[in-house]
Amino acid sequence: MLKPYIHLLRRPGAGAFVTAGVLGRMPISMIGLGIVILIAKESGSYGLAGAVSGVAVIAGALTGPVQGRLVDRFGQRLLILIGSVTCTVGLAGLLIAVRSDSPTWVLYVLSFVAGGTRPQVGSFVRARWTHLLGRGRALQTAFALEAVGDEVVFIVGPVLVTTLATQWSPYAALITAGVLGLAGGIWLASLRATDPPGRGRSADGTQPPMPWLSILLLSLIGLGLGATLGGAEVITVAFATEKGQEGLAGVVLAIWAFGSLLAGLWYGSVHWRAPVERRLFIGTIVLAITLAPLPWVDSVWLLGVVLFCCGMTIAPTMVAVTACVEEWVPPERLTEAITWTVTGILFGVAPGNAAAGHAVDLWGPSNAYWVPFGVGIACAVVAAISTTFARPKERFAHN
């Protein structure tokens, strides 16, 4: 199963930009949680902590497509350097503001700067793979490898943040997040041999048209995936707490992410004959099916088994979304299109958290699992529409 990945990583420059990409993505899973821990400890208000953290997430979602468009026109290097430095400065300013008990609006502004300027490293690395490999089986394997990288980030990041925050200091946790992001960003920007060239505009000053309906529907699927992830995370913590095993919540969530990691590795090693649209639709259907047993689970360990099965549908579905983008979008606008789907995922997490939290309060943790199940059904419906009625007629080979 690992042979296709070993072959990929032996390509000139690939191992370096993959490693740099993982480092550069670490702040995604560290900054939000680190801000919550820090502000909650310093101010005693979880409401303020969640609001400031949410501003960073929303800022990243809003600026992601803008970054993608700029990268498609001018290349990655300069934007990554500017974004990495500005994000680190904003995060450092936020730490100083919290330490000095600055007004709340200052915290919001600095959180927006840190979140909004953080480079969309995952999208940039996927664009590098497309530039390096062109269209074909190897590219699908590369997308699967990047999905595995995302899972590694979301397994390691929260553990690292909580360990540093509890054993040392919440400030140390956020400083570490900033240093890792800055180091990964500078490293990635320095790898100029694999940087896709900026394509600019055509001679008449225009760009190829974007299939906006298709991108909107794919982004809605990303929104649903984000809501499913965010909602199930909140409910799982509540479920473990209700069972008197709160300490196992992190273990269960890690099992979930590990299932996604394994499935991503397997998915990328298979030579698929089915078109990517069919794989996307099947992925969303299987996701909904694996979410269905959750309301009837009555123990934490059984929950871990079911969530492991759910996790095995996450990475393949995300890979299929990215593969659809790669086939449906002109190469001149590929990075912008990928960032739209990433934006969908980011936007989905917050309402997923909120809806799940309200459902827990109203119905209890077990019945609250109907919320992510309903979202999974909605994802399947949108996938059916997008792959049947909104699929662009023109396909693109990115060489």
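Select serine 386 to begin; serine 386 sits in helix H15 (residues 370-388). Helices here are DSSP runs (H or I, at least four residues), numbered from the N terminus. Is serine 386 buried or exposed? Serine 386 is buried, with a relative accessible area of 0%. Buried means under 20% relative accessible area, exposed means over 50%, and partly exposed lies in between (1.4 Å probe, protein chains only). Now add alanine 383 to the selection: its backbone oxygen lies 3.1 Å from a polar atom of the serine 386 side chain. A polar contact is a pair of N or O atoms within 3.5 Å; within protein, one must be able to donate a hydrogen and the other to accept it, and residues adjacent in sequence count only if both atoms are side-chain atoms.

This is a predicted model, in which local features need pLDDT of at least 70 and side-chain atom pairs count only at pLDDT 80 or more, while totals for chains, interfaces and linings use all residues. Residues are numbered from 1 along each chain as its sequence is written, and side-chain values use heavy atoms, with hydrogens and water left out.

**Helix H2 and the salt bridge**

Select residues 14-43, which make up helix H2. H2 has 30 residues and reaches 44 Å from its first C-alpha to its last, close to the 44 Å expected at 1.5 Å a residue. The expected span is 1.5 Å times one less than the number of residues in the helix. Where does H2 bend? The bend is at methionine 30 and comes to about 40°; it is the angle between axes fitted to the seven residues ending there and the seven starting there. Go on to glycine 44, just after H2, where phi is positive at about 80°.

Return to H2 and show the side chain of arginine 25 together with that of glutamate 146. These two side chains meet in a salt bridge, at 2.6 Å from N to O. The pair links distant parts of the chain, with arginine 25 in helix H2 and glutamate 146 in helix H7 (residues 137-167), 121 residues apart. Both glutamate 146 and arginine 25 are buried. The structure holds one salt bridge, the term being used for a side-chain nitrogen of Lys or Arg within 4 Å of a carboxyl oxygen of Asp or Glu.

**The nonpolar patch**

Switch to a surface view and select Ile58, Leu62, Phe112, Leu213, Leu216, Leu220, Leu223 and Phe347, which form a nonpolar patch on the surface. Together they have about 690 Å² of accessible area, computed by the Shrake-Rupley method with a 1.4 Å probe, and for residues only the protein chains shown count as cover. Patches are made of residues with over 30% relative accessible area and no salt bridge: like charges are joined within 9 Å, nonpolar side chains (Val, Leu, Ile, Met, Phe, Trp, Tyr) within 5 Å.

Which helix gives the most to the patch? H9 does, with four residues. Helix H3 (46-74) and helix H9 (212-242) each supply at least two. Leucine 62 is in helix H3 and is partly exposed, with a relative accessible area of 47%. Phenylalanine 347 is in helix H13 (residues 334-363) and counts as partly exposed at 34% relative accessibility.

Stay on helix H9 and pick alanine 227, which is found there. Alanine 227 is buried, with a relative accessible area of 15%. Add glycine 352: the two residues are 125 apart in sequence and 3.9 Å apart in space, C-alpha to C-alpha.

**A loop and two more helices**

Next select aspartate 101, in the loop between helix H4 (77-99) and helix H5 (104-117). Aspartate 101 has a positive phi of about 55° although it is not a glycine. Aspartate 101 is exposed, with a relative accessible area of 69%.

Move on to H5, which has 14 residues and reaches 20 Å from its first C-alpha to its last, close to the 20 Å expected at 1.5 Å a residue. Which residues of H5 are buried? They are Val106, Leu107, Leu110, Ser111, Ala114, Gly115 and Gly116.

Finish with helix H12 (residues 300-328), whose 29 residues reach 42 Å from first C-alpha to last, close to the 42 Å expected at 1.5 Å a residue. H12 is mostly covered, with 23 of its 29 residues buried.
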